[in-house]
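Student: I have a structure open and do not know where to start. Can you walk me through it?
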Amino acid sequence: MRTFNILCVGDIIGNPGVEFIKKNLWRFRKENDIQCVVANGENSAKGNGIDINSANAVFESGADVITTGNHVWQKKEIYNFLDENRYILRPANYPDSCPGAGYNIIDISGYKILFINLLGSLFMDTPIDSPFVAADRIFHREKGRFDFAVIDIHAEATSEKIALAKYIDQKYGASLIFGTHTHIQTADEQILKNGAGYITDLGMTGGFDSILGIKNELIIQKFLTKMPVKFEVCEENIELRGIIAKIDADSGNFKCVDIKRVKFTE
């Protein structure tokens, strides 16, 4: 069976995560016969958010598509870039008046792939449209124009992620659905009933001697004192976490036939 192999990279955390990607991603692609890389880059800039430099670095390092999330608006310089570059997505359930696009159909290796970025509505403190409604709107609008779909659900609640994934799998039959945002890789990779590969969270690409990518002592101090602290990104024990999914490219149904977690260190 001929497969289309996709690497999905968990949230890239600051300069240490970007530098790790720059040094390793092309080699990792070649060693694992990867045809497409999707990376969440919403925290790839210094501080948080994404800027033009970090986005370009991730693209130049071997990513085909960058997804984002609730921190996408942190750096105002990215706004025009979102309008100009169709390979970087912001969540589709923000208003249409926002910069950029929440989905795009992109031709990779001869396949028309619908990439969608959705933002969860539970515990996110962001007044947005329902991701379920946004998914319906996109699939209805683009019906018949793509071969298969790949979806990033950037959300806090595990229940919302898996509910949305099963809703999409049952109603539209996407090939791959993954969650981002929590920075903790889950162990529930699976193939859903109608053939979509799924994992609740990819994890992160950053320093693992940390608390979600931030230096341990700062987060512990915040919990102990309840006072604000300035976050600093951990620069030790950098790892890439994510998944590799294999999509059936022979039968024409583009179902996921294999999905496995990735943990990669230098």
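Tutor: Start with one pair of residues. Ile153 has its bridge partner in β8, and that partner is Gly179. Keep in mind that this is a predicted model.

Student: In what sense do β7 and β8 pair, and over how many bridges?

Tutor: They pair in the parallel sense, over five bridges. The chain gets from β7 to β8 by way of α5, in a right-handed β-α-β crossover.

Student: What unit do β6, α4 and β7 make?

Tutor: They make a β-α-β unit, and it is right-handed. Strand β6 covers residues 111-119, β7 covers residues 148-154, and the two run parallel, joined by seven bridges. Check two partners yourself. Asn117 has Asp152 as its bridge partner in β7. Leu118 has Ile153.

Student: How do I read the whole sheet? What is the order of its strands?

Tutor: Follow the pairing from one edge to the other. The order is β5-β6-β7-β8-β10-β9, an open sheet of six strands with mixed pairing. At the edges sit β5 (103-108) and β9 (190-191), each paired on one side only.

Student: Which strands does helix α4 touch?

Tutor: Helix α4, residues 131-142, packs on the sheet and touches β5, β6 and β7. Its direction makes about 160 degrees with that of β6. Helix α5, residues 158-171, also packs on the sheet. That helix touches β6, β7, β8 (176-180), β9 and β10 (197-199). Its direction makes about 165 degrees with that of β8.

Student: Why is β7 described as largely enclosed?

Tutor: Think about faces. In a regular strand, side chains alternate between the two faces of the sheet. Now look at β7. Phe148, Val150, Asp152 and His154 lie on one side, and they are buried. Ala149, Ile151 and Ile153 lie on the other, and they are buried too. Seven of the seven residues of β7 are buried, so the rest of the structure largely encloses the strand.

Student: Next, the nonpolar cores. How many residues does the largest one have?

Tutor: It has 34 residues. Leu7, Val9 and Ile88 have the most contacts inside this core. Several elements each supply at least two of its residues, among them β1 (3-9), β3 (36-40), β12 (238-248) and β13 (256-264). Helix α1 gives the largest share, five residues.

Student: What is Val9 in contact with, beyond its neighbours within four places in sequence?

Tutor: Val9 is in contact with Ile21, Val37, Val38, Ala39, Asn40, Leu202, Thr205, Leu240 and Arg241. There is also a second, separate core of 25 residues. Ile108, Tyr111, Phe148 and Leu176 are included in that one.

Student: One last residue. Where is Asn43 found, and is Asn43 buried or exposed?

Tutor: Look in the loop between β3 and α2. Buried means under 20% relative accessible area. Asn43 has 7%, so it counts as buried.

Student: Which side chains make polar contacts with that of Asn43?

Tutor: There is one polar contact of 3.0 Å with the side chain of His71. Another, of 3.5 Å, joins Asn43 to the side chain of Glu42. Leaving out residues up to four places away in sequence, Asn43 touches several residues, including Asp11, Ile12, Gly49 and His183.

Definitions and conventions: Residues are numbered from 1 along each chain as its sequence is written. This is a predicted model: local features need pLDDT of at least 70, side-chain atom pairs count only at pLDDT 80 or more; totals for chains, interfaces and linings use all residues. Side-chain values use heavy atoms; hydrogens and water are left out. Two strands pair if DSSP finds at least two bridges between them. Helices (H or I, at least four residues) and strands (E, at least two) are DSSP runs, numbered from the N terminus. Contact means heavy atoms within 4.5 Å. Axes are lines fitted to C-alpha atoms, for helices over the stretch in contact, and angles run from 0 to 180 degrees between N-to-C directions. A nonpolar core is a set of buried Ala, Val, Leu, Ile, Met, Phe, Trp, Tyr and Cys residues joined through side-chain atoms within 4.5 Å. Buried means under 20% relative accessible area, exposed over 50%, partly exposed in between (1.4 Å probe, protein chains only). A crossover is right-handed if, with the strands pointing away from the viewer, the path from the first strand over the helix to the second runs clockwise. A polar contact is a pair of N or O atoms within 3.5 Å; within protein, one must be able to donate a hydrogen and the other to accept it, and residues adjacent in sequence count only if both atoms are side-chain atoms.
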